[in-house]
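The following paragraphs lead the reader through a protein model, from its overall arrangement to individual side chains. Please keep the structure in view while reading.

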Amino acid sequence: LEDNTVWRLSISGTDEHGKLQIQPSHIKIYSTDFERTILSVQGLLVGIFPDGPLETITIDCRHTTSWMIPDPQPRRTHEQEALEMELANRPHVLEREGEMR
């Protein structure tokens, strides 16, 4: 993106209940071509459009690894596992997980 933003949303207004209305045609999605990232984007879109969007939303995965953080290689190093465990055990993460159960 021209101003280095990772994502941007255009809002068209609010509905009769004051909720924001997001138009799928105003959304541009960029993702790395790694499956886990694409799945995260799809999950985000399901959250934004729980009943499904009225039109197709394209996820652009072309040439994104040059300006997005690349997938760690090799995967599952001891350092990565230790960092993920440390992050997963932070108090605010544990609190949020407890709330979601």
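Among contacts in this protein between residues at least 6 apart in sequence, 49% join residues at least 24 apart. The model is a predicted one, and its elements comprise 3 helices and 4 strands. Read from the N terminus, these elements follow the order β-β-β-α-β-α-α. The protein has 101 residues, of which 13% count as buried. Its accessible surface amounts to about 8,500 Å², and carbon and sulfur atoms account for 54% of that surface.

Confidence in the prediction should be considered before any detail. The average pLDDT of the protein is 75, and 74% of the residues score at least 70. Among the elements, strand β4 (residues 59-60) has the highest mean pLDDT, 88, whereas strand β1 (residues 11-14) has the lowest, 57. Over residues 1-7 the pLDDT stays under 50, and the model has 7 contacts beyond four places in sequence for this segment. Where pLDDT is low, the predicted coordinates should not be read in detail.

The interior may be approached through its nonpolar residues. In soluble globular proteins, nonpolar side chains tend to be buried together. Here the largest nonpolar core has 6 residues, namely I27, I29, V41, L45, F49 and I57. Within the list of core members, L45 touches I29 and I57, when residues up to four places away in sequence are not counted.

The loop between β3 (29-30) and α1 (35-48) contains S31, and T32 lies in that loop as well. Are these residues buried or exposed? S31 counts as buried because its relative accessibility is 1%, under the 20% cut-off. T32 has a relative accessible area of 3% and is therefore buried too. With residues up to four places away in sequence left out, S31 touches T37, I38, V41, I59, D60, C61, T64 and M68. One of these, V41, is also a member of the largest nonpolar core. On the same basis, T32 touches T37, I38, C61, T64, M68 and I69. The side chain of T32 additionally makes a polar contact with the side chain of T37, at 3.1 Å.

Charged side chains provide the next point of interest. How many salt bridges does the structure hold? There are 2. In one of them, the side chains of D60 and R62 meet at 2.8 Å, N to O. D60, which is among the residues that S31 touches, is buried, because its relative accessible area is 15%. R62, by contrast, is exposed, with a relative accessible area of 59%. This salt bridge thus joins a buried residue, D60, to an exposed one, R62.

The other salt bridge brings together the side chains of R96 and E99, at 4.0 Å, N to O. Both residues belong to helix α3 (residues 91-100), where R96 and E99 are 3 residues apart, about one turn of the helix. R96 counts as exposed because its relative accessibility is 52%, and E99 is likewise exposed, with a relative accessible area of 51%. Each value stands over the 50% cut-off for an exposed residue.

Definitions and conventions: Residues are numbered from 1 along each chain as its sequence is written. This is a predicted model: local features need pLDDT of at least 70, side-chain atom pairs count only at pLDDT 80 or more; totals for chains, interfaces and linings use all residues. Side-chain values use heavy atoms; hydrogens and water are left out. A nonpolar core is a set of buried Ala, Val, Leu, Ile, Met, Phe, Trp, Tyr and Cys residues joined through side-chain atoms within 4.5 Å. Buried means under 20% relative accessible area, exposed over 50%, partly exposed in between (1.4 Å probe, protein chains only). Contact means heavy atoms within 4.5 Å. Helices (H or I, at least four residues) and strands (E, at least two) are DSSP runs, numbered from the N terminus. Accessible areas come from the Shrake-Rupley method with a 1.4 Å probe; for residues, only the protein chains shown count as cover. pLDDT is the predictor's confidence in each residue, from 0 to 100. A polar contact is a pair of N or O atoms within 3.5 Å; within protein, one must be able to donate a hydrogen and the other to accept it, and residues adjacent in sequence count only if both atoms are side-chain atoms.
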